[in-house]
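Open the model in your viewer and keep the selection panel at hand. The stops below say what to pick and what to look for.

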Amino acid sequence: MSNNHPIVEQANNLAGRLVEWRRHFHQHPELSFQEFGTSRFVADVLKDIDGIEVETGVGLETGVVGTLTSGDGPVIALRADMDALPITEENRTGYSSKTEGVMHACGHDAHTSILLGAAFLLSDHFKKGELKGTVKFIFQPAEESTDANGLSGSSYMVRAGAYDQAEAALALHVCPWLPVGKVQISDGYSMANVDVFEVKIHGSGGHGAYPELGTDPIWMLGPVMQALYGITARRVSALDAAVISIGQIHAGTASNIIPTEAVIQGTIRSYTPEVRDFLASEIKKALSIVEHLGGTFSLNIQRGEPALKNHPAVNEWITDAITKTYPGMGITRRPFGLGGEDFGYVTEKIPGSMFFLGCAPIEGVQRDLHTPIFDLDEACLPIGTAILAQTAGMFLKKNPKLQIDQNLEVEMLGT
């Protein structure tokens with residue numbers, strides 16, 4: 001996409017470096033909580049930018065925050081995630097992963113490169129005195145996974161104060177179901193609460209030839225599975241986003257032994273807090289059938305990241321920036337689905353929004369997120385850079401005031 005807008009021209013001039021950075025990150029992917037080389041590379045690039053202050057070890061050892069500031073004025077945070085996935089890449093390109101079993105299959109290499117580019121562009125405007133206020137560039141580890149405490153990188157960086165004083169926060173995610181030149185934006189809940197559950201069904205077990213002498217937890221699985229899958233179909237309104245999926249079932253050690261235990265593990269996805277709580281209570285009710293069949297059960301639900309809630313006022317800034325930089329860009333307005341995104345930890349604290357940036361390769365092959373063949377059209381990199389930089393610049397220039405009430409609902413009070 002080409003036009004004469006200054007920020008677009010600046011981003012296009014930076015395209016070579018954006019591609020170079022992205023390919024470096026892609027060749028050297030690192031898993032959650034292990035982004036040591038990535039964070040060092042990011043910090044080194046940031047240190048070459050005039051006027052930026054760089055802080056490392058924020059929240060986690062690999063968290064990096066760069067800050068551009070003129071002192072007084074509005075404060076906005078821009079965030080990118082840096083971690084990769086435990087997937088063996090099947091693509092054969094000059095920049096394929098060099099780390100066996102690890103791959104940037106979710107586009108975090110692009111996110112990180114785009115945010116570095118935005119830092120370069122905005123630095124130039126700060127240096128010229130065109131912007132007043134503060135931009136915080138937050139490079140976050142561990143979006144894809146949680147630690148033993150059930151926490152991901154975003155929660156640690158929020159706790160460490162990375163977003164303190166920020167009046168708004170922006171992020172983007174590459175989008176393989178849209179071509180370059182299109183974006184997807186959604187107001188309100190747009191990605192899911194992510195909870196994980198484990199059920200242990202206990203029976204007495206016994207000899208496979210004499211099932212009548214004991215209680216069989218595998219037999220109990222039949223009605224339990226029907227009850228669990230029936231929750232979203234018959235207990236939740238069709239107007240509410242909700243999914244319960246079972247991903248693992250473990251039971252037994254031999255063909256002629258009825259085991260004493262069967263284990264089910266699965267995921268629970270929802271948008272609203274009310275549906276999130278309702279699903280948890282309904283799962284417990286569904287499992288009560290075990291007790292009527294002579295068994296017992298234990299249920300553990302681990303709550304993960306909260307739903308991504310995009311604020312309409314922040315989306316207005318993004319949309320306005322897109323209209324000014326890329327007037328012909330197509331904008332799709334619908335939620336992003338029931339995938340998880342730990343930027344939700346940020347948007348439950350301050351007004352924020354994530355938008356999806358079209359990146360589908362022109363070859364016509366569907367290269368979905370979290371697959372071994374994921375890849376993107378690198379023409380999306382300067383576009384994402386320009387949109388982030390333009391949105392942040394407009395935010396600072398118009399000096400918006402945002403007020404948060406007790407329910408974290410935000411309204412635009414002025415310009």
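Two strands count as paired if DSSP finds at least two bridges between them. Keep that cut-off in mind for the first stop. Note too that this is a predicted model.

**Stop 1: the sheet**

Select residues 242-251, strand β10, and residues 261-270, strand β12. Nine bridges join β10 to β12, and the two run antiparallel. With a threshold of at least two bridges, they count as a pair. For one bridge, pick Ile 249: its partner in β12 is Ile 264.

Now add residues 193-202, strand β8. Here 10 bridges link β8 to β12, again antiparallel. Pick Ile 201 and look across to Ala 262, its bridge partner in β12.

Stay on Ile 201. In β13, its bridge partner is Phe 297. The pairing of β8 with β13 is antiparallel and covers eight bridges.

Show the four strands together. What is their order in the open sheet? They run β10-β12-β8-β13, with antiparallel pairing. β10 and β13 (296-303) are the edge strands; each has a single partner, so one side of each lacks a neighbour in the sheet. From one strand to the next, the twist averages 20°.

Go back to β12 and colour by accessibility. Eight of its 10 residues are buried, so β12 is largely enclosed by the rest of the structure. In a regular strand, side chains alternate between the two faces of the sheet.

**Stop 2: helices across the sheet**

Select residues 217-234, helix α6. α6 lies across β8, β10 and β12, and runs at about 165° to β10.

Next, select residues 273-287, helix α7. This helix lies across β8, β10, β12 and β13. Its angle to β13 is about 165°.

**Stop 3: α2 against α3**

Select residues 15-27 for α2 and 36-47 for α3. Their axes are 11 Å apart, at an angle of about 160°. Over 145° counts as roughly antiparallel, and α2 and α3 are therefore roughly antiparallel to each other. The crossing is right-handed.

Show side chains at the contact. From α2, take Trp 21, His 24 and Phe 25; from α3, take Thr 38, Phe 41, Val 42 and Val 45. By class, this contact has five nonpolar, two polar and no charged residues.

Now pick Phe 33, in the loop between α2 and α3. Check its phi: the value is near 70°, positive in a residue other than glycine. Most residues other than glycine have a negative phi. Phe 33 has 24% relative accessibility, so this residue counts as partly exposed.

Move to Asp 44 in α3. Is Asp 44 buried or partly exposed? At 46% relative accessibility, Asp 44 counts as partly exposed. Draw a C-alpha distance from Asp 44 to Val 54: they are 9.1 Å apart in space and 10 residues apart in sequence.

**Stop 4: α4 against α11**

Select residues 108-127, helix α4, and residues 380-398, helix α11. The axes lie 8 Å apart and the angle is about 45°. α4 and α11 are therefore oblique to each other. Their crossing is right-handed.

Show the contact residues. Those in α4 include Ala 110, Ile 114, Gly 117, Leu 121 and Phe 126. Among those in α11 are Cys 380, Gly 384, Leu 388, Ala 392 and Leu 396. By class, the contact has 13 nonpolar, four polar and no charged residues.

Stay in α4 and pick Ser 113. Ser 113 has 0% relative accessibility, so this residue counts as buried. Which residues does Ser 113 contact, leaving aside neighbours within four places in sequence? They are Leu 18, Trp 21, Arg 22 and Phe 25. Trp 21 and Phe 25 also appear in the α2 contact with α3.

Then find His 370, in the loop between β16 (352-360) and α11. Its phi is near 65°, another positive value in a residue other than glycine. His 370 is partly exposed, with a relative accessible area of 40%.

**Stop 5: Thr 319**

Finish in helix α9, residues 312-325, and select Thr 319. With 15% relative accessibility, Thr 319 counts as buried. Not counting residues up to four places away in sequence, Thr 319 touches Ile 185, Ile 331 and Arg 333.

How values were computed:
Residues are numbered from 1 along each chain as its sequence is written. This is a predicted model: local features need pLDDT of at least 70, side-chain atom pairs count only at pLDDT 80 or more; totals for chains, interfaces and linings use all residues. Side-chain values use heavy atoms; hydrogens and water are left out. Axes are lines fitted to C-alpha atoms, for helices over the stretch in contact, and angles run from 0 to 180 degrees between N-to-C directions. Angles under 35 degrees count as roughly parallel, over 145 as roughly antiparallel, 65 to 115 as roughly perpendicular and the rest as oblique. A crossing is left-handed if the near helix is turned anticlockwise from the far one by less than a right angle, and right-handed if clockwise. Contact means heavy atoms within 4.5 Å. Ala, Val, Leu, Ile, Met, Phe, Trp, Tyr, Cys and Pro count as nonpolar, Asp, Glu, Lys and Arg as charged, and the others, Gly among them, as polar. Buried means under 20% relative accessible area, exposed over 50%, partly exposed in between (1.4 Å probe, protein chains only).
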